[in-house]
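User: I am new to this structure. Please walk me through its fold.

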Amino acid sequence: MKKLLLILAMILPMFITSCSDDEETTVLSGTTWESTEEYGEIVYLKWTLTFQGTSFNIKMQADTDLDGDFDTDESESGSYSVDGNNVSLSAEGLTMRGTFSDNVMHLDSGEAGGEFVYYKK
C-alpha cells in the first residue's frame, strides 16, 4: 500500500503541471503590424494588426475628410494559425492567407492579384 501511495505521489504532479491553462503561442504572438494608404501626404486609411496567443485583432482607422485626423475606428477579432512563414487569419467566416518574414507580411486581399502589405512595428 505504501508503494502504491508513493507511486501516486510521484505521478500526480506530472498531471497537474501538464494540464495548465497557458494559452498556446506562435512566433507572431506579441507582435504588431501596420498597413497604410495615403492620398498625397495624408494617411487616410490605417490598419493595425496585433497578435496574442492564437488570436488576432485588426483595427481600421479612416480619415474620410482628409484633414489629418482619423474620423472612424472599427475593429475585428479572430483566430490565426502559423505554418512556417505562412499565416492564415479567420474572423466572421472570412479567411485571409499570406506569408511573413521578419518585418513584412503579405496578405491576399481576395481580389485578383491584390494584397495587403503590413510592416512590423
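User: In what order do the eight strands close into a barrel, and what is the pairing?
Analyst: First, the basis: this is a predicted model, where local features need pLDDT of at least 70, side-chain atom pairs count only at pLDDT 80 or more, and totals for chains, interfaces and linings use all residues. Residues are numbered from 1 along each chain as its sequence is written, and side-chain values use heavy atoms, without hydrogens and water. Strands are DSSP runs (E, at least two residues), numbered from the N terminus, and two of them pair if DSSP finds at least two bridges between them. The barrel order is 1-2-3-4-5-6-7-8, and the pairing is antiparallel.

User: By how many degrees are neighbouring strands of this sheet turned against each other on average?
Analyst: Axes are lines fitted to C-alpha atoms, and angles run from 0 to 180 degrees between N-to-C directions. With direction ignored, the average is 30 degrees.

User: Which residue in strand 8 does L107 stand opposite?
Analyst: Strand 7 and strand 8 (residues 115–120) pair in the antiparallel sense over five bridges. Opposite L107 in strand 8 stands F116.

User: Which strand gives the most to the largest nonpolar core?
Analyst: A nonpolar core joins buried Ala, Val, Leu, Ile, Met, Phe, Trp, Tyr and Cys residues through side-chain atoms within 4.5 Å. The largest one has 16 residues; W33 and F51 are among those with the most contacts inside it. Strands 2, 3, 5 and 7 each supply at least two residues of this core. The most, four residues, come from strand 2.

User: Is S88 buried or exposed?
Analyst: S88 lies in strand 5. Buried means under 20% relative accessible area, exposed over 50%, partly exposed in between (1.4 Å probe, protein chains only). The relative accessible area of S88 is 16%, so S88 is buried.
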